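Student: I have the model open and would like to go through it piece by piece. Could you take my questions as they come?

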Amino acid sequence: MQPKFIDLFSGAGGLAHGLMQSGWASVAHFEYNRFAFESHERNIACGVGHCGDVRTQAFSGYAGIDLVAGGPPCQPFSVSGKQLGTEDPRDMVPDFVRAVSEARPRYFMMENVPGLATTRFQPYLEAVIKALADCGYAVSVAILNAADFGVPQSRKRLIIAGSRHGEPLFMFPAPTHGEGRLPWVTTAEALAGCPPDEPNNAIVTYAKNPVLRATPWSGMLVNGKGRPLNPDAPAPTITASAGGNRTHFLDETGSIAQYHAELRTGGGVREGQVPGCRRLTVRESARLQSFPDTFEFTGPRSARYAQVGNAVPPLLAAALGAAFLNAVRGGAPARS
């Protein structure tokens, strides 16, 4: 019999897709955003979908389920935001803890940004871990890079996992890619043969005050937060704010690399549009998140970019799902 899970803050379904690929069965999902909910319903074979605020939901009806999984909104802790933490109304980590306390699953998994583990939020993280442990769980924490699990993107995520006392312990999966292992999947490899999609016509313009760094891919040579992609390496983190000049782009004629070399040798600052550069489409962004081409995203283009950027990469979710499946099937019991 397949082990079952419920998915909180489920988004478009990246986490659910990966878990199901590794052998889990979805029982229910909970998502507030209408477009993300519709995408999840379209792509994920799920028993019940709840479109609404998780804070209004009760979870005692799922008592004893195998796994409660989910990624509460990360904006309260993201280094790219205001980092308001508990003062941010989007902080729903307490509701994930509540879901665990009500459902008493065999296992749980919470995903968030590494910012939650910084010095600024360390007391809060420790309080969350204690609250989960007090519910009767052996709790473990790790920061995983999606690129180390075959995702063509450098994307670090904080994972808090728990095994109910008496259940076999959950062990984090070992990386499969990187130094001494399989090579990281590159941007060029991931985008090869990508199906055509609605073009993103946001232009790329030279920055008035460029910031020169060691490589063309790490500097800030253009306006906006979108970065040029190194075809021979995993992409930087795909963000939910893409769509305009925050969308990463492909330097198809080498303009950025040439400009970077000129600046390093004392060349002058350029103005205007960068030739030969093209912003990623939604489908290309999804490829870099490891979504299959058959996965459909609904809503206006900005909503589709947001769904892709907010998702847990399916391949990372699959690696975690396999590790939880291994725990379900045996191992050392968690101590009380």
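Student: Where is the place of Phe96?

Tutor: Phe96 sits in helix α3 (residues 93-103), where helices (H or I, at least four residues) and strands (E, at least two) are DSSP runs numbered from the N terminus. Before going further, note that this is a predicted model, in which local features need pLDDT of at least 70 and side-chain atom pairs count only at pLDDT 80 or more, while totals for chains, interfaces and linings use all residues. Residues are numbered from 1 along each chain as its sequence is written, and side-chain values use heavy atoms, with hydrogens and water left out.

Student: OK, and is Phe96 buried or exposed?

Tutor: Phe96 counts as buried, at 0% relative accessibility; buried means under 20% relative accessible area, exposed means over 50%, and partly exposed is in between, with a 1.4 Å probe and protein chains only.

Student: What does Phe96 touch, leaving out residues up to four places away in sequence?

Tutor: Its contacts (heavy atoms within 4.5 Å) are with Leu8, Phe9, Val68, Ala69, Gly70, Pro72, Phe108, Met109 and Met110.

Student: And how far apart in space are Phe96 and Leu132?

Tutor: From C-alpha to C-alpha they are 9.6 Å apart, with their positions 36 residues apart in sequence.

Student: Switching to strands: how many residues of β2 are buried?

Tutor: In strand β2 (residues 25-31), 6 of the 7 residues are buried, so the strand is largely enclosed by the rest of the structure.

Student: How many bridges join β1 to β2?

Tutor: Strand β1 (residues 4-8) runs parallel to β2 and is joined to it by 5 bridges, where two strands pair if DSSP finds at least two bridges between them. Within this pairing, Phe5 has Ser26 of β2 as its bridge partner. Between the two strands the chain passes through helix α1 (residues 14-21), giving a right-handed β-α-β crossover; right-handed here says that, with the strands pointing away from the viewer, the path from the first strand over the helix to the second runs clockwise.

Student: What about β2 and β3, in which sense do they pair?

Tutor: The sense is parallel, over 4 bridges, with strand β3 covering residues 48-51, and Ala28 stands opposite Val48 in β3. Here the chain crosses from β2 to β3 through helix α2 (residues 34-43), and this β-α-β crossover is right-handed.

Student: Then β7, which strands pair with it in the antiparallel sense?

Tutor: Strand β5 (residues 107-112) pairs with β7 over 6 bridges in the antiparallel sense, and strand β6 (residues 137-145) pairs with it over 9 bridges, also antiparallel. Met110 has Ile160 as its bridge partner in β7, while Ala142 stands opposite Ile159. As for burial, 8 of the 9 residues of β7 are buried, so the strand is mostly covered.

Student: What does the side chain of Arg164 reach?

Tutor: Arg164, which is found in β7 (residues 156-164), is buried with a relative accessible area of 18%, and its side chain reaches the backbone oxygen of Arg104 at 2.6 Å.

Student: New topic: how many aromatic pairs are there in the whole structure?

Tutor: The search finds 11, where rings of Phe, Tyr and Trp (its six-membered ring) pair if their centres lie within 6.5 Å, and planes under 30 degrees apart count as stacked, over 60 as edge-to-face and the rest as tilted. The rings of Phe170 and Phe324 are stacked because their centres are 4.0 Å apart and their planes lie at 20°. This pair links distant parts of the chain, with Phe170 in the loop between β7 and α5 (187-191) and Phe324 in helix α9 (residues 314-328), 154 residues apart.

Student: Are those two rings' residues buried or exposed?

Tutor: Phe170 is buried at 5% relative accessibility, and Phe324 is buried at 0%. A tilted pair is formed by Phe291 and Phe295, at 4.7 Å centre to centre and 55° between the planes.

Student: Which residues form one aromatic cluster with Phe170?

Tutor: Tyr107, Phe172 and Phe324 join Phe170 in that cluster.

Notes. Polar contact = N/O pair within 3.5 Å; in protein donor to acceptor, adjacent residues only side chain to side chain.
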